[in-house]
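Visitor: I should like to understand on what grounds the terms used for this structure are applied. May I put some questions to you?

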Amino acid sequence: MNGGWFPMKWKVIEKSKLPILIEELTKEYEVFAPVKEKNVASFERVSPENQPSLDFRNTKKPLKEVFSPQTETVFTYRTDKKDVEIVEPPAVKGKMVLLDVRPCDARSFVLLDKFFSSGEHKDVYYLERRKNTTIVGLACNSPLSTCFCTSMGGSPFGKEGVDLLLQDINNKYLIETVTERGEELLKKFPWLKDAEKADTERAKKLSEEAENAVKSKVSVKDVVEKLDRMFNDPLWDQIYQKCLGCGVCTFLCPTCYCFDILDEEGKRVRIWDSCQFPCFTLEGSGHNPRPSGKERMRQRVMHKFNYVVKNYGEIFCVGCGRCVQECPVNLDIREIIRAISARQVE
Amino acid sequence: MENIENSIREVAEKLLSEKKVDLIIGYEQGTLPLRTTPCFVDKVEDIKKLVWNASCDANLSKYVLGRKEKIGVIAKGCDARLIAVCAIEKQFPRENVVIIGVPCLGVIDRKKIEAKLGDKEVLEATVEDEQIKVKGEGFELVLPKKDFLCDSCLTCKHRNPPICDVFVGEKVPENTEADEFAEVSDLEAKSAEERWQHFKEELSKCIRCYACRNVCPLCYCKMCFVDQTMPAWFGKTNDLSDTIIYHVVRAFHVAGRCVDCGACSRACPMDLNLRELIKKTEKIMKERYGYEAGVSLEEVPPLGEFKMEDPEEFIK
């Protein structure tokens, strides 16, 4: 992978010692981790008052907001009669650590990187933050019934997108080094013990069990290619009917990246946008090329399972199941994929 | 429940086969435990998909909007009332809709079950009379249904649809005791500062996904005020000030029209209590105008007409 670099030995940390590690980390890094409030876990900056929660399945919101916040001022400006002065936001200096990132979410960064770094104009706002961040993953021992990561190229112990991967082996975490950046971070904790063979064997067994525990499967094998011929398929008339056109699925999707640009007084702001909103494609003339939920639903499916495959070589779905859990009307993306699979098209 | 389900199917079949309606909008089994999903039936052979149970929580009146065909729609008390409100507001001709009224003792709030179970996931659930049996990895629990109903259902005064064309099943006793404005009274008892803190904490979690608006049958504007860009009346960011103004203006817009079906709170992915602010407007309408939305097809909503005797003590 990285030339002559070989990952260092696997380490272990007792669960009771994790707070010490986190405290040390916060001295040097901005640490983000899942924090639970009531029953909702969300990624928040860790502080003495805001301590990570370890008993979480996954966070309600994905982590994309750490790199691409829902509302972001891209620059401020001042105008007078002659001149325009543009002030760029201060460069991102601080280093970040994202702790306890589920493998599906970590994998979403690999996909988002492709989008934000592609083309002639790279997205410096996203890339700057991304560059300064170390991702510490947390493998899933017990996937949810809505998880379908294994159908989307991921796995509960997946390593794509993580620098270090924590694996919960009862009373301790096994720490697997995945990248050089991960190793750099780990070097700061020389007190960590080396893993024993029993630890790695235990993790291997848990990994296999977790893989088998992902019961929800969908086949995308022919979906990508089939969609090429389904733009005008009557299927869209059926499946969009119950869609409310809200932004739950897209805003909670770890791989949806669309945004809108607003000029507010003295500043240019970008905010998350959703292809499910009518204004997403509303033109200045008043014409809307995607006038109804049908076209908008088709766009979401086409984009995730066809267009991006052509542009970036990957399906933009990591199977985290957030849209499945949170859709107000239980419009289940897995059912849509199955309906496409089952469709006879010419 | 099963009887009601059968009766619903019989009524639906009759309406469809006699061509009284072109489409039945009801519920079918969802893909997750304790979930149903809206179902659109235009063929008699699909009628068997229709279900009725305590998870039929979607407000189907939303789907009547914007349709040209004749529709039969399964309606709980709250759904029927919203069809009435939309009909008074001329969103569709009343005669285009056959309201299939169903008595309802409340729908289950899955968020309450999730909160109770913490990180345990429900993999299987059955509802029998007053009990919800939930099963998952290594646990099996029997929960009393009454503790896991949606808040809006706990104080519902119209378990039997006040307006409908066909009534399915038998009438259930109305809940006359519960104080539907208890939550509002709690809010009123707080100081302005405490209320501000409360709304600030709650609404700062909003992600502006508009599920609350889009699920609401009263939000039928072709262009919502927050979506307008020329001019942009309100900010679209998730900064607190933009978010609060969205929710406050929406509360004003549904004042005197909202029937507290609770769909907005159920739809919210961030678990915000979106009902309480709107409930306050409902209380004001009741106190000032003696008006209750969706119980009459004749009475014009107070904010839609002017009467000489309208209270106007605010004009000094």
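Visitor: How far apart do the C-alpha centres of domain 1 of chain A and domain 2 of chain A lie?

Guide: In this predicted model, the separation of the two centres is 26 Å. Domain 1 of chain A covers 11-213, and domain 2 covers 223-342.

Visitor: What makes residues of the two domains count as being in contact?

Guide: The criterion is that their C-beta atoms, placed from the backbone, lie within 7 Å. The contact defined in this way takes 32 residues from domain 1 of chain A and 25 residues from domain 2 of chain A. On the domain 1 side, strand 4 (71-79) and helix 3 (103-116) of chain A are the elements that give two or more residues. That side of domain 1 comprises 14 nonpolar, 11 polar and 7 charged residues.

Visitor: How do you know that strand 6 and strand 7 of chain B are paired?

Guide: Pairing requires at least two bridges between two strands. Strand 6 (residues 131-136) of chain B is joined to strand 7 of chain B by 6 bridges, so the requirement is met. The two strands run antiparallel, and B:Gln131 stands opposite B:Pro144 in strand 7.

Visitor: Why are strand 5 and strand 7 of chain B said to stand at the edges?

Guide: The open sheet of chain B has 3 strands in the order 5-6-7, with antiparallel pairing. Strand 5 (124-128) and strand 7 (139-144) each have a single partner strand, so one side of each is left without a neighbour in the sheet. From one strand to the next, the twist averages 15 degrees.

Note on methods
Residues are numbered from 1 along each chain as its sequence is written. Chains are lettered from A and ligands numbered from 1 in the order in which they are written. This is a predicted model: local features need pLDDT of at least 70, side-chain atom pairs count only at pLDDT 80 or more; totals for chains, interfaces and linings use all residues. Helices (H or I, at least four residues) and strands (E, at least two) are DSSP runs, numbered from the N terminus. Axes are lines fitted to C-alpha atoms, for helices over the stretch in contact, and angles run from 0 to 180 degrees between N-to-C directions. Domain bounds come from an automatic or database domain assignment. Ala, Val, Leu, Ile, Met, Phe, Trp, Tyr, Cys and Pro count as nonpolar, Asp, Glu, Lys and Arg as charged, and the others, Gly among them, as polar.
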